[in-house]
Amino acid sequence: MINDVQSIAKSFFSNRNAASYDRIVKYTTFGKDSLWKQNIANYITPEHKYILDIACGTGIFSSFISNIPYKDLIGVDLTYSYISNAKAKRGYSLLVNSMAELLPFKSESFDCIVSCYLAKYAKISLMVDEIWRLLKKGGLVIFNDFVYPLNKIMRLLWNSYFNILKLSGQIIKSWKYVFYNLDEVIKRSTWTKDLQIALEKKGFRSLDVKYYTGGTSAIISAFKI
Ligand SMILES: C[S@@+](CC[C@H](N)C(=O)[O-])C[C@H]1O[C@@H](n2cnc3c(N)ncnc32)[C@H](O)[C@@H]1O
């Protein structure tokens, strides 16, 4: 399997599977994706007027903040076909085909930056530099991604689940490569530790780490003070 994180992302996400992404994420997480996104949305307040969604994908997150009176929600993603699908959601005022590590926006443009399922594919320290630059003082950053659970029983269940997912890749061909390799990507990833270190080193404060769904998902938030 490919080692470089960005090459992994490119091999996983393409026009082959963009159209079916929303259904796949819903069913493969047993609907927990909505729970995790709702938890991220709960951090966002009416003071957060300018919001950036890094690796917005097909734009699922936008529907979770439809009741918040923000001014602009901007989405950025590496994969053009995913952004094309995000257009249909109509929640974003702007969608940009760009990388998390080099973001084409003016410094101190955003009150809040969110990102779901990106951290394990990103070059964390470059991305944190960009997030620091783009956030206004007092700005909030929130990350969510999968983690390999620590608990032994959860690990057994998690590994069994991925075996089933691999089998279903025989039927859902457009997701076969992802279903075969995602478990290794998650197991190898040290994103929770790397992100906390990078955020603290950069100067972010009030770091908060929460685990969900038996330790299979984490949300990390912090403020630019
Ligand atoms: C699993 S999808 C998540 C999409 C969306 N955030 C969600 O929660 O449904 C991962 C997304 O990350 C994007 N991605 C991966 N690496 C990236 C990078 N370095 N910069 C920007 N986007 C990236 C992929 O193109 C893909 O759309």
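This report walks through two strands of a predicted model and the neighbours they pair with.

## Ground rules

Residues are numbered from 1 along each chain as its sequence is written. Because the model is predicted, local features need pLDDT of at least 70 and side-chain atom pairs count only at pLDDT 80 or more, while totals for chains, interfaces and linings use all residues.

## Strand E1 and its parallel partners

Let's start with E1, which spans residues 50–54; strands here are DSSP runs (E, at least two residues), numbered from the N terminus. In E1, 5 of its 5 residues are buried, meaning that 20 or more other C-beta atoms, placed from the backbone, lie within 10 Å of a residue's own. In a regular strand, side chains alternate between the two faces of the sheet. Here Tyr-50, Leu-52 and Ile-54 point one way, with Ile-51 and Asp-53 pointing the other.

E1 runs parallel to E2 (residues 72–77), joined by 5 bridges; two strands pair if DSSP finds at least two bridges between them. Tyr-50 has Asp-72 as its bridge partner in E2. E1 also runs parallel to E4 (residues 110–116), through 4 bridges, and there Leu-52 stands opposite Ile-113.

## Strand E7 and its antiparallel partners

Now for E7 (residues 217–224): 7 of its 8 residues are buried, so the rest of the structure largely encloses this strand. E5 (residues 135–146) is joined to E7 by 7 bridges and runs antiparallel to it. E6 (residues 204–212) also pairs with E7 in the antiparallel sense, over 7 bridges.

Ser-221 is a handy landmark in E7: Ile-142 stands opposite Ser-221, and so does Asp-208. E6 and E7 form a hairpin with 4 residues between the strands, where Thr-213 takes a positive phi near 50 degrees.

Key: A residue is buried if 20 or more other C-beta atoms lie within 10 Å of its own, exposed if 12 or fewer, and partly exposed in between; C-beta atoms are placed from the backbone.
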